[in-house]
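Hi,

Here is the structure I promised to pass on. Have a look at it first, and my notes follow below.

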Amino acid sequence: EVTFDYLFDGGNFEGELAIFNIEGMDLYGGGSKIFSQEAALRALQNSPEWGHVITSDATEGAKFSGGTQYEGDFNKGEYLGSKTFEMTPGTRFGVMLVADGTVQDTLLNPDLVGNNRPLFSLAAANPDEEIQFVKVLEIGEDSKRQEIGETFGFEDIPINQKKSDSDFNDLVFQLEGATGKATLLDEVINPGRDWRKSTIGEEIIQAAVDPEDLAGNTIDENRKVNVASNGRAYQGWVGSNDTDDYHAFSLGATNEFELSLDGLSNDANIELLDKEGNVILSSANSGTAAESISTTLSTGNYRVRVNSADEFGTPYNMKLF
């Protein structure tokens, strides 16, 4: 079972998103008309073996609504919640976006160009083999990935066209029940169109990383974590609507202790506290530079506070040694 959740509509077009089995698709030649037709035919089967049309932007709304710092709110229609589709176990599938039309249009008229031409998660099938599909962020091993899925985004105008703004937020969604491979958003996003630095961006990233706020927001409402010689990794999110994350751990003997915080998209700091909340050590580098603490700790109970130091939030990776 693959569960799809439509998170954000950042584009003005009204199109459809589909998944399709890619077995044997290399025979059709990436980027060819017959490739697009075959992908559409498979998606329209709406079967576990071949694929599914999973959303229609013309009739459905996204989970989150709002404008970014550079464009307005394009979300229209009713949010229908997450949807679950059956796929044959072990199936490798691609994702197809018809930006301003339907999958059926692609099947019946493969000569469609411009906004009606389909775009794919497979770069080789796109104009000039450009990347149109990204993973919004890397989810850590200790995250809730198995429960909330991984988050992906599409750029709905071919990158080789000047009017493409390369923000990759035109359709943002989560897939649960499948492991996705894609270029990370950080590697290709237009810095002037970084929608993550907006209020709606905060909401989307938090939904992708830590929707249940696992860490808690006070010294007493904390997340229990462990220290290991090879490091234990945890992931979280802090921002304007969740400024503090608290983690708690215990040591049974005096030990060398190290703490690191990285994977930041905006500024965040860390503090090592005793169980009463007194600061033992802290790290507060500027910007997205990694934070670290290294010291010797005696037997006892301790807390780690991660706090947002920027206008907009950030995911983080925390490791304890």
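Let me start with Asn 46, which is found in the loop between helix 1 (33-43) and strand 3 (51-56). Before going further, please keep in mind that this is a predicted model. The phi angle of Asn 46 is near 45°, a positive value in a residue other than glycine. With a relative accessible area of 42%, Asn 46 is partly exposed.

Ser 47 belongs to the loop between helix 1 and strand 3. Is Ser 47 buried or exposed? Ser 47 counts as buried, because its relative accessibility is 16% and the cut-off for buried is under 20%. If you leave aside the neighbours within four places in sequence, the residues in contact with Ser 47 are His 52, Glu 86 and Met 87.

Asp 128 also caught my eye, as another residue other than glycine with a positive phi, here near 55°. You will find Asp 128 in the loop between strand 8 (118-120) and strand 9 (133-135). Asp 128 counts as exposed because its relative accessible area is 59%, and exposed means over 50%.

Now to the sheet. In what order do the 6 strands of the open sheet come? The order is 6-1-11-10-9-12, and the pairing is mixed. Strand 6 (83-85) and strand 12 (183-184) are the edge strands, each of them pairing on one side only. As a reminder, strands of a sheet pair through backbone hydrogen bonds, either parallel or antiparallel.

One pair in this sheet is worth opening in your viewer. Strand 10 (residues 150-154) and strand 11 (residues 171-176) run antiparallel, and 5 bridges join them. If you want a landmark there, take Phe 152, which stands opposite Phe 173 in strand 11.

Last comes Gly 192, in the loop between helix 4 (185-188) and helix 5 (199-209). Gly 192 is partly exposed, and its relative accessible area is 48%. How far apart are Gly 192 and Tyr 70 in sequence and in space? They are 122 residues apart in sequence, while their C-alpha atoms are 8.7 Å apart in space.

If you would like a short route through the model, begin at Asn 46 and Ser 47 in the loop between helix 1 and strand 3. Then go to Phe 152 and its opposite number, Phe 173, and finish with Gly 192 and Tyr 70, at 8.7 Å from C-alpha to C-alpha.

Happy viewing, and all the best

How values were computed
Residues are numbered from 1 along each chain as its sequence is written. This is a predicted model: local features need pLDDT of at least 70, side-chain atom pairs count only at pLDDT 80 or more; totals for chains, interfaces and linings use all residues. Side-chain values use heavy atoms; hydrogens and water are left out. Helices (H or I, at least four residues) and strands (E, at least two) are DSSP runs, numbered from the N terminus. Buried means under 20% relative accessible area, exposed over 50%, partly exposed in between (1.4 Å probe, protein chains only). Two strands pair if DSSP finds at least two bridges between them. Contact means heavy atoms within 4.5 Å.
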